[in-house]
Amino acid sequence: MKIEEFIQKIAEALYEEENVLTIDTVLDELDGWDSLGRLEIFSLIKEEFEKSIDPESLRNCQKVGDIIDLVEDGLKV
């Protein structure tokens with residue numbers, strides 16, 4: 001999966017409009033970045049990358065790019 005595709009899937013999981021998110025988007029500024037949104041991202045990562053991440057690591061993400069860093073080995077440029 002390409003980074004752009006993953007960002008789009010993050011946007012969908014957080015109920016954000018298409019093409020709104022970038023790697024520099026601050027997560028706390030998004031309405032969907034709440035406990036339910038983090039659960040959606042957690043599930044997305046598990047489903048798409050067959051990777052389980054530490055929930056605390058996800059909670060500590062500040063920007064979309066931080067989420068990408070959690071799964072970067074599964075992404076293509």
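In this predicted model, L27 makes a set of contacts beyond its neighbours within four places in sequence: L14, W33, C61, Q62, K63, V64 and I67. Two of these partners, W33 and I67, appear again together with L27 in the largest nonpolar core, which has 21 residues. L27, W33 and I67 are among the members that touch the most other members, a group that also includes F6, I10, I41 and I45. Helices α1, α2 and α4, the last spanning residues 64-71, each supply at least two residues of this core. The greatest share comes from α1, which gives five residues.

Helix α4 also holds V64, a further contact of L27. V64 is buried, as are G65, I67, I68 and V71 in the same helix. Viewed down the axis of α4, the buried residues fall within an arc of 155°, so they line one face of the helix. These buried residues pack against three other helices: α1, α2 and α3, where α3 covers residues 55-59.

F6, one of the core residues with the most contacts to other members, also takes part in an aromatic pair. A search of the whole structure finds one such pair. The rings are those of F6 and F49; their centres are 5.2 Å apart and their planes stand at 85°, an angle over the 60 degrees required, so the pair is edge-to-face. The pair joins distant parts of the chain, since F6 belongs to helix α1 (residues 3-13) and F49 to helix α2 (residues 35-49), with their positions 43 residues apart in the numbering. F6 has a relative accessible area of 0% and is therefore buried. For F49 the relative accessibility is 17%, which is under the 20% limit, so F49 also counts as buried.

W33, a contact of L27, has a charged residue over its ring. R38 lies over the face of W33, at 5.4 Å from the ring centre. W33 is thus described in two settings: as one of the core residues that touch the most other members, and as the ring beneath R38.

The remaining residue to place is K2. K2 is located in the segment before α1. Its relative accessible area is 43%, which lies between the limits of 20% and 50%, so K2 is partly exposed. K2 and F42 are 40 residues apart along the chain, and their C-alpha atoms are separated by 18 Å.

Key:
Residues are numbered from 1 along each chain as its sequence is written. This is a predicted model: local features need pLDDT of at least 70, side-chain atom pairs count only at pLDDT 80 or more; totals for chains, interfaces and linings use all residues. Side-chain values use heavy atoms; hydrogens and water are left out. Rings of Phe, Tyr and Trp (its six-membered ring) pair if their centres lie within 6.5 Å; planes under 30 degrees apart count as stacked, over 60 as edge-to-face and the rest as tilted. Helices (H or I, at least four residues) and strands (E, at least two) are DSSP runs, numbered from the N terminus. Buried means under 20% relative accessible area, exposed over 50%, partly exposed in between (1.4 Å probe, protein chains only). A charge sits over a ring if NZ of Lys or CZ of Arg is within 6 Å of the ring centre and within 35 degrees of the ring normal. A nonpolar core is a set of buried Ala, Val, Leu, Ile, Met, Phe, Trp, Tyr and Cys residues joined through side-chain atoms within 4.5 Å. Contact means heavy atoms within 4.5 Å. The arc is that of the directions from the helix axis to the C-beta atoms.
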